Amino acid sequence: MKITLLHQKLMLVMIAEDPTVKSSESEIAVLLMKYCNELGTFYPSQRLLAKLLRKKNNETRHVRRLISSLIKKGWLRVVRRGNTLRGSNLYQFAWEKLQGHKDLRTYMSRIEGKERSNNRTYMSPQTIKETIYKTKEDE
């Protein structure tokens, strides 16, 4: 599934409207969304996120705590890459929570309709090289 800007916006709105999510968790979700690719995955470093959050000495402990909180609440998922002990993490939002959203369904049906119409091949009517004349006898 290709992640569009509407997917991203709806996900951030749902996270912000969740009463269990704190404002700092919403803030980290916005930063994570900034690095989200069209497949819905992202992997910014925790040091970079700490720097963007303006934490003293680029404190990554706070970032790890916020990310783990979003994972526990079901908004984020961790996909391990490489060696399970030393490999880096790939993160992904819980896109399945958007399943069946009314605005998203309407938008995706419009996009699919445009793609179908763009894939059509239009044929020009064939021209007849010979001109057919009707005579009085034919009538």
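# Ring pairs, helix packing and exposure

Biologist: Why is Tyr-35 called partly exposed?

Modeller: Its relative accessible area is 31%. Buried would need a value under 20%, and exposed one over 50%. Tyr-35 is in between, so it counts as partly exposed. The value is computed from a predicted model.

Biologist: Where is Tyr-35, and what does it touch beyond its neighbours in sequence?

Modeller: Tyr-35 is placed in the loop between H2 and S1. With neighbours within four places in sequence left aside, its contacts are Thr-41, Phe-42, Pro-44, Leu-48 and Leu-52.

Biologist: One of those is Leu-48. What makes Leu-48 partly exposed?

Modeller: A relative accessible area of 29%. That is neither under 20% nor over 50%, so Leu-48 is partly exposed. Leu-48 belongs to helix H3. Its C-alpha atom is 9.7 Å from that of Val-63, a residue 15 places away in sequence.

Biologist: Helix H3 also holds Gln-46. Why is Gln-46 called partly exposed?

Modeller: Gln-46 has a relative accessible area of 22%. The limit for buried is under 20%, so 22% puts Gln-46 in the partly exposed class. Leaving out neighbours within four places in sequence, Gln-46 is in contact with Thr-60, Val-63, Arg-64 and Tyr-91. For Arg-64, 18 residues away along the chain, the C-alpha separation is 7.2 Å.

Biologist: What makes Ser-88 partly exposed, and where does it lie?

Modeller: The relative accessible area of Ser-88 is 37%, between the cut-offs of 20% and 50%, so it is partly exposed. Ser-88 sits in the loop between strand S2 (76–80) and S3. Outside the four nearest places in sequence, its contacts are Val-79, Arg-80 and Arg-81. The C-alpha atoms of Ser-88 and Ser-45 are 9.3 Å apart, with their positions 43 residues apart along the chain.

Biologist: Turn to the aromatic rings. How many pairs are there?

Modeller: Three, from a search of the whole structure.

Biologist: Why is the pair of Phe-42 and Phe-93 called tilted?

Modeller: The ring centres are 5.1 Å apart, and the limit for a pair is 6.5 Å. The planes are at 45 degrees, which is neither under 30 nor over 60, so the pair is tilted. Phe-42 is in strand S1 (residues 41–42) and Phe-93 in strand S3 (residues 89–93), so the pair links distant parts of the chain, 51 residues apart. Phe-42 and Phe-93 are both buried.

Biologist: What makes the pair of Phe-93 and Trp-95 edge-to-face?

Modeller: Its planes are at 70 degrees, over the limit of 60, so the pair is edge-to-face. The centres are 5.7 Å apart. Trp-95 is buried, as is Phe-93.

Biologist: Which residues do the ring pairs join into a cluster?

Modeller: Phe-42, Tyr-91, Phe-93 and Trp-95.

Biologist: How do you know that Lys-97 lies over the face of Trp-75?

Modeller: The distance from Lys-97 to the ring centre is 4.0 Å. The cut-off is 6 Å, together with a limit of 35 degrees from the ring normal.

Biologist: Now the helices. Why is H1 called roughly antiparallel to H2?

Modeller: Helix H1 (residues 5–17) and helix H2 (residues 23–34) pack at about 170 degrees, with axes 10 Å apart. Angles over 145 degrees count as roughly antiparallel, so H1 and H2 fall in that class. On the H1 side the contact is made by Gln-8, Met-11, Leu-12, Ile-15 and Ala-16, and on the H2 side by Ser-26, Ala-29, Val-30 and Met-33. By type, these are seven nonpolar, two polar and no charged.

Biologist: What makes H2 roughly perpendicular to H4?

Modeller: The axes of H2 and helix H4 (residues 60–72) cross at roughly 90 degrees and come within 10 Å. The class runs from 65 to 115 degrees, so H2 is roughly perpendicular to H4. From H2, Ser-24, Glu-25, Ile-28, Ala-29 and Leu-32 meet Val-63, Leu-66, Ile-67, Ser-69 and Leu-70 of H4. This contact has seven nonpolar residues, two polar and one charged.

Biologist: What is the overall count of helices and strands, and in which order?

Modeller: There are five helices and three strands, in the pattern α-α-β-α-α-β-β-α along the sequence. Of the 139 residues, 30% count as buried.

How values were computed. Residues numbered from 1 in each chain as written. Predicted model: local features only at pLDDT ≥ 70, side-chain atom pairs only at ≥ 80, totals over all residues. Heavy atoms only, no water. Phe/Tyr/Trp six-rings, centres within 6.5 Å; stacked < 30°, edge-to-face > 60°. Helix = DSSP H or I, 4+ residues; strand = E, 2+ residues; numbered from the N terminus. Buried < 20%, exposed > 50% of the residue type's maximum accessible area, 1.4 Å probe, protein only. Axes fitted to C-alpha atoms, helices over the stretch in contact; angles between N-to-C directions. Parallel < 35°, antiparallel > 145°, perpendicular 65-115°, else oblique. Contact = heavy atoms within 4.5 Å. Nonpolar A, V, L, I, M, F, W, Y, C, P; charged D, E, K, R; others polar.
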